Amino acid sequence: MKCAYVDEGVLINSNEFDGLRNTDAMEKITVHLEGVKMGKHSVSYRLRDWLISRQRFWGTPIPVIYCDSCGMVPVPEKELPIVLPDDIEFTGRGNPLETSPSFQNCLCPECRKPAHRETDTMDTFVDSSWYFFRYTSPDCDQLPFDKEKAEYWMSVDQYIGGIEHAIMHLLYSRFFTKALRDIGLTEEDEPFKRLLTQGMVLVDGAVMSKSKGNAVDPEEMIEKYGVDTIRLFILFSAPPVKELEWSEEGVSGVNRFIHRVWNIIVENLSSIGDDIRDIDCNNLDNSEKSLMFRINYAIKKVTYDIDRFHFNTAISALMELANELYKFVSKVELKKEKDSNPVFTLGISTLVQLLSPFTPHVAEELWSIIGRSGVLSTITWPVYKQEFLEIKERKIAVQVNGKVRGTIMVSDMDSEDIVKEKAKNLENVKKYTNSGIKKIIYIKNKIVSIVAD
């Protein structure tokens, strides 16, 4: 053998340990070494140091002084905090704090002899690993935080961060919380109740990064499209837990949707009256009932999806509502009306209000344009009415290459994608489409036509 064997196997030439598998022999050998006082059990934690010993200027100074006589001495509490110096040089080599004599040179707190400060710093993770406790009592000047107030507010209900946070910041936040618990500053055992790990932004399949040179300048995009467009695109393009592929074409598409909402409002202000929430279902025609269904469905869908962070599907529901409003306002009878239409009014008010979490600036402007008072973020969130969601299902035919092969039940609540999926999943349809599907056409509430290979 030219080198040690490090894989699993059976021991030989090992006296009383001959014949043991090496994975079993480790424990026995350690016990033997402890018995002859030549070794002992130990546990090694291989944790990368992200918090301490950083050689950079903008970190938090470590409050330690080194004295030739007294050794390592902590900085007295009355001299805290240590303030970073101004007389430093950024040479690009080594620790910038080592270029500052005024910072390095000091007196030992114990013997008052010349000494020098620690020049390594602590990473900002040290602060962010516990600052959520500090937020509960920012005016507390005797302790890091007020225990009673922290007990009221903690634990944090929702933690959101990228995968790098889950393996660094989240990890250290848990360490700090448990340390604070052990020294009696809190009763909390865990800092956060719920975790959502968000996906990365990709460009041409690669993670967007300044170091890779593929980052998109947000200022340029905001200047071109506006901040609400960028915000809406990010939320609409993918669920937050998935990767998001950056696409300026997608940004442009979302921008067109915002303009569409704007136009339907400013072009039809005469049909928008005072905000009305109580509408009698019995006094509506079929088109108004259909719009009332879409309004209440949007409220229910957006409310539910926001709570579970499914922003993309919530925005899809708002796009569907905008489409229904366009269909409704294009009807001849509405255009001929001199007075505002209460259902259209409710639809517009609801659309603007439901859009506000996603496009807050545009929504506030539109809220003012339609004559509503107050700031949208302070207005009571709308509540859907189940009576307008009681839509009866209807049976429609599914044909393959011109021949009816089955029927499915659909309702106005079903999107086109859902109806197509129902049709494809019929057993008799599968039998005639096992070679593949070229096209599916859905004529709403009437028929699904499938063209098979």
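Trainee: Which residue in strand 13 is the bridge partner of Val-398?

Mentor: That would be Gly-406. Keep in mind that this is a predicted model: local features need pLDDT of at least 70, side-chain atom pairs count only at pLDDT 80 or more, and totals for chains, interfaces and linings use all residues. Residues are numbered from 1 along each chain as its sequence is written, and side-chain values use heavy atoms, with hydrogens and water left out.

Trainee: How do you know that strand 12 and strand 13 pair?

Mentor: Count the bridges. Two strands pair if DSSP finds at least two bridges between them. Strand 12 (residues 394-400) and strand 13 (residues 403-410) have 7 bridges, so they pass that test. The sense is antiparallel. A hairpin with 2 residues in between links them, and Asn-401 in the turn has a positive phi of about 50 degrees.

Trainee: And what makes a stretch a strand or a helix in the first place?

Mentor: Both are DSSP runs, numbered from the N terminus: helices are H or I with at least four residues, strands are E with at least two.

Trainee: What is the strand order in the open sheet of 4 strands?

Mentor: The order is 3-2-5-4, with antiparallel pairing. Strand 2 (residues 64-67) shares 4 bridges with strand 3 (residues 71-74) and 2 bridges with strand 5 (residues 114-117). Val-64 faces Pro-74 in strand 3, while Ile-65 faces Arg-117 in strand 5. A hairpin of 3 residues takes the chain from strand 2 to strand 3.

Trainee: Why do strand 3 and strand 4 stand at the edges?

Mentor: Each has a single partner strand, so one side of each is left without a neighbour in the sheet.

Trainee: Why are helix 9 and helix 12 called roughly perpendicular?

Mentor: Their angle is about 110 degrees, with the axes 6 Å apart. The axes are lines fitted to C-alpha atoms, for helices over the stretch in contact, and angles run from 0 to 180 degrees between N-to-C directions. Under 35 degrees counts as roughly parallel, over 145 as roughly antiparallel, 65 to 115 as roughly perpendicular and the rest as oblique. So helix 9 and helix 12 are roughly perpendicular to each other.

Trainee: Which residues of helix 9 meet helix 12?

Mentor: Leu-232, Leu-235 and Phe-236 do, and in helix 12 they meet Phe-311, Asn-312, Ile-315, Ser-316 and Met-319. Contact here means heavy atoms within 4.5 Å.

Trainee: How do you know that Ala-150 is buried?

Mentor: Compare its value with the cut-offs: buried means under 20% relative accessible area, exposed over 50%, partly exposed in between (1.4 Å probe, protein chains only). Ala-150 has 1%, so it counts as buried. Ala-150 is in helix 5 (residues 147-153) and, leaving out residues up to four places away in sequence, touches Phe-133, Thr-136 and Phe-145.

Trainee: Is Lys-37 buried or exposed?

Mentor: Exposed, because its relative accessible area is 76%. Lys-37 sits in the loop between helix 1 (22-35) and strand 1 (60-61). Lys-37 also has a positive phi, about 55 degrees, without being a glycine. Most residues other than glycine have a negative phi, and most peptide bonds are trans.

Trainee: Where is the peptide bond from Leu-80 to Pro-81 on the cis or trans scale?

Mentor: It's cis, with omega near 0 degrees. Pro-81 belongs to the loop between strand 3 and helix 2 (101-104). Another cis bond links Met-154 and Ser-155, with omega about 0 degrees.

Trainee: What makes a set of residues a nonpolar core?

Mentor: It takes buried Ala, Val, Leu, Ile, Met, Phe, Trp, Tyr and Cys residues joined through side-chain atoms within 4.5 Å. The largest one here has 53 residues, and Ile-265 and Ile-348 have the most contacts inside it. Helix 12 gives the most to this core, 11 residues. Beyond its neighbours within four places in sequence, Ile-265 is in contact with residues including Ile-348, Val-352 and Leu-366. A second, separate core has 13 residues, including Val-398.
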